[in-house]
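Please open the model in a viewer and keep the selection tool at hand. The tour proceeds stop by stop, each beginning with what to select.

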Amino acid sequence: MTTLSGMPGTIRPVFRRCFTVLAVGLLSGSALSMAQTAPPGEVMALYDIGSAPSSRRVMSDIETLVNFGTRHTASETKSDTRGIGAARRWIFDEFERISASCDDCLEVFYVGETVSGERRVPDPVEIVSVLAIQRGALDPDRMVMMSGDIDSRVSDVMNATADSPGANDNASGVAGVLEAARVLSQYNFDGSIVYAALAGEEQGLIGGRIVASHALEQGWQIKAVLNNDMISNISGIDGVINNTVARVFSEGTRAVETEAEARSRRFTGGEVDSPSRNLARYIDSMADRYLTNLDVEMVYRLDRFGRGGHHRPFNAVGIPGVRIMETHEHYDRQHQDLRVEDGRAYGDTLDGVNPDYAAKLTALNAVTLAGIAGAPPFPAQVKAAGAVRASATLEWAHGGSEQARENLAGYRVWWRKTTAPQWTHSRFVGNVTEWEFTNLVIDNYFFGVSAVAQDGSETPVVFPGPAGAF
């Protein structure tokens with residue numbers, strides 16, 4: 001039997017692959033006057049990853065979670081068939097089953113605390129999330145996370161006993177996390193991937209807050225959180241049916257920005273270039289490159305108008321996060337008691353789930369996770385200069401350790417007009433830490449830099465200064 005991982009008796013695709021650097025001569029206009037090399041090519045494995053998620057498996061997982069009756073944060077924990085306790089144990093066991101199929105490649109564990117004295121958790125309740133980590137080979141502390149929410153609710157957020165299927169909100173998100181783990185655990189990456197089923201979302205984003213605190217205590221370098229909340233509904237209350245567009249919400253400025261950093265940003269820009277915003281742009285570009293029949297609609301808000309999601313606790317402590325979800329919501333199927341009034345059905349039931357759409361959005365997550373986990377360390381200490389000059393200069397430092405950079409091919413510099421929503425121009429400049437944009441006046445453009453791996457995997461674009469630092 002041919003083995004790709006070096007482990008006898010197993011066939012496990014390896015994400016990294018060799019490439020050839022082709023010299024293309026000197027590039028005029030660079031003050032550094034260095035030999036240029038061709039960038040690595042397409043990451044062919046990402047096409048396979050983008051088509052791998054199964055709508056059948058996703059639907060099966062959603063059905064299993066719905067069949068626990070309710071997954072309210074304060075619901076039953078002792079039963080094996082009903083309540084959030086049974087649900088989180090099943091998720092834990094499912095991660096273990098996935099791990100068994102990849103030679104125990106996942107570290108599966110609970111992260112939780114007993115919480116009380118909060119508006120929606122007045123009495124002591126265990127808030128327990130389930131995590132699985134797929135460790136990277138070169139840079140295991142650098143992570144990208146995909147999350148979904150375990151819990152469900154009805155009209156009264158304090159009602160812990162009524163049936164609360166939570167099919168779309170948010171069994172679909174957890175099912176997507178499990179399916180992404182099944183797909184990506186068959187590959188090796190240089191950075192780590194965290195698969196997270198978070199608890200206590202409906203009670204105030206508590207599970208995310210606990211896990212974010214745990215991540216900081218453990219020294220995890222989480223570069224991106226992809227929060228999936230409602231990824232299976234295609235029929236909106238506005239009458240629109242759409243299975244080809246996903247929304248990605250991202251914050252504009254960093255929640256942890258200091259007064260001094262805000263003042264600097266005022267004079268240099270960065271209001272629409274937080275790491276979360278450039279993560280959203282990255283997700284959009286991955287959909288365009290590696291998926292078919294799916295467009296990403298970037299929404300320039302932390303979340304929906306006046307509402308919240310489980311990426312917010314991560315943003316609050318400086319970890320970049322976005323929310324990925326359906327485009328047209330149906331409010332009769334959110335936070336509703338199961339009932340029929342005047343011939344109108346209410347409740348978050350299985351008939352509102354489109355498994356093909358859920359699998360498609362799972363694929364969007366999977367290619368994004370794989371792209372970031374396969375990339376080298378992010379560029380560090382990115383700086384831009386060029387006031388009152390004909391050319392702009394971009395400088396940065398190597399990120400990570402020498403070992404973590406073993407897969408580094410070089411860097412790509414980016415630029416766009418200040419009003420452009422997406423990066424429009426780029427150039428691979430090799431393994432350097434400075435680049436001059438000859439005859440590009442810094443006043444008229446935004447600039448950034450990304451790190452490129454030897455197999456073509458690439459980080460999101462890092463915008464200069466604290467405003468854009470990952």
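**A tour of helix contacts and a pocket**

Begin by selecting α2 and α9: S55, V58 and M59 of α2 meet P355, D356, A358, A359 and T362 of α9. The model on display is a predicted one. Sorted by class, the residues of this contact between α2 and α9 comprise five nonpolar, two polar and one charged. Now show both helices in full: α2 covers residues 55-66, and its axis lies 8 Å from that of α9, at an angle of about 105°. Angles from 65 to 115 degrees count as roughly perpendicular, and α2 and α9 are therefore roughly perpendicular to each other.

Keep α9 selected and add α1, residues 44-51. How do the axes of α1 and α9 cross? They come within 8 Å and cross at roughly 150°. An angle over 145 degrees counts as roughly antiparallel, so α1 is roughly antiparallel to α9. The crossing of these two helices, α1 and α9, is right-handed. To view the contact, select L46, I49 and G50 on α1, together with A363, A366, V367, A370 and G371 on α9. The contact of α1 with α9 consists of six nonpolar and two polar residues, with no charged ones.

For the third stop, hide α1 and display α4, residues 167-184, beside α9, residues 355-374. Here the axes are 9 Å apart, and the helices pack at an angle of about 50°, which makes α4 oblique to α9. The crossing of α4 and α9 is right-handed. Which residues make this contact? On α4 they are G176, E179, A180 and L184, and on α9 they are T362, A366, L369 and A370. Five of the residues in the contact of α4 with α9 are nonpolar, two are polar and one is charged.

Two residues of α9 merit a second selection. T362 takes part in the contact with α2 and also in that with α4. A366 belongs to the contact with α1 and likewise to that with α4.

The final stop is the largest pocket, which holds about 370 Å³ of space. Select T268, G269, A384, I442 and P464, the residues nearest its centre among the 21 that line this pocket. Next, colour α6 (259-268), β13 (380-385) and β18 (445-453), each of which supplies at least two residues of the lining. Which classes of residue make up the lining of the largest pocket? Twelve are nonpolar, five are polar and four are charged.

Terms used. Residues numbered from 1 in each chain as written. Predicted model: local features only at pLDDT ≥ 70, side-chain atom pairs only at ≥ 80, totals over all residues. Heavy atoms only, no water. Axes fitted to C-alpha atoms, helices over the stretch in contact; angles between N-to-C directions. Helix = DSSP H or I, 4+ residues; strand = E, 2+ residues; numbered from the N terminus. Parallel < 35°, antiparallel > 145°, perpendicular 65-115°, else oblique. Left-handed = near helix turned anticlockwise from the far one by under 90°. Contact = heavy atoms within 4.5 Å. Nonpolar A, V, L, I, M, F, W, Y, C, P; charged D, E, K, R; others polar. 1 Å grid on protein atoms, 1.4 Å probe; cavity = no way out; pocket = protein on both sides within 12 Å on 5 of 7 lines; lining within 4 Å. Points joined across faces, edges and corners; volume = space filled by probe spheres on them.
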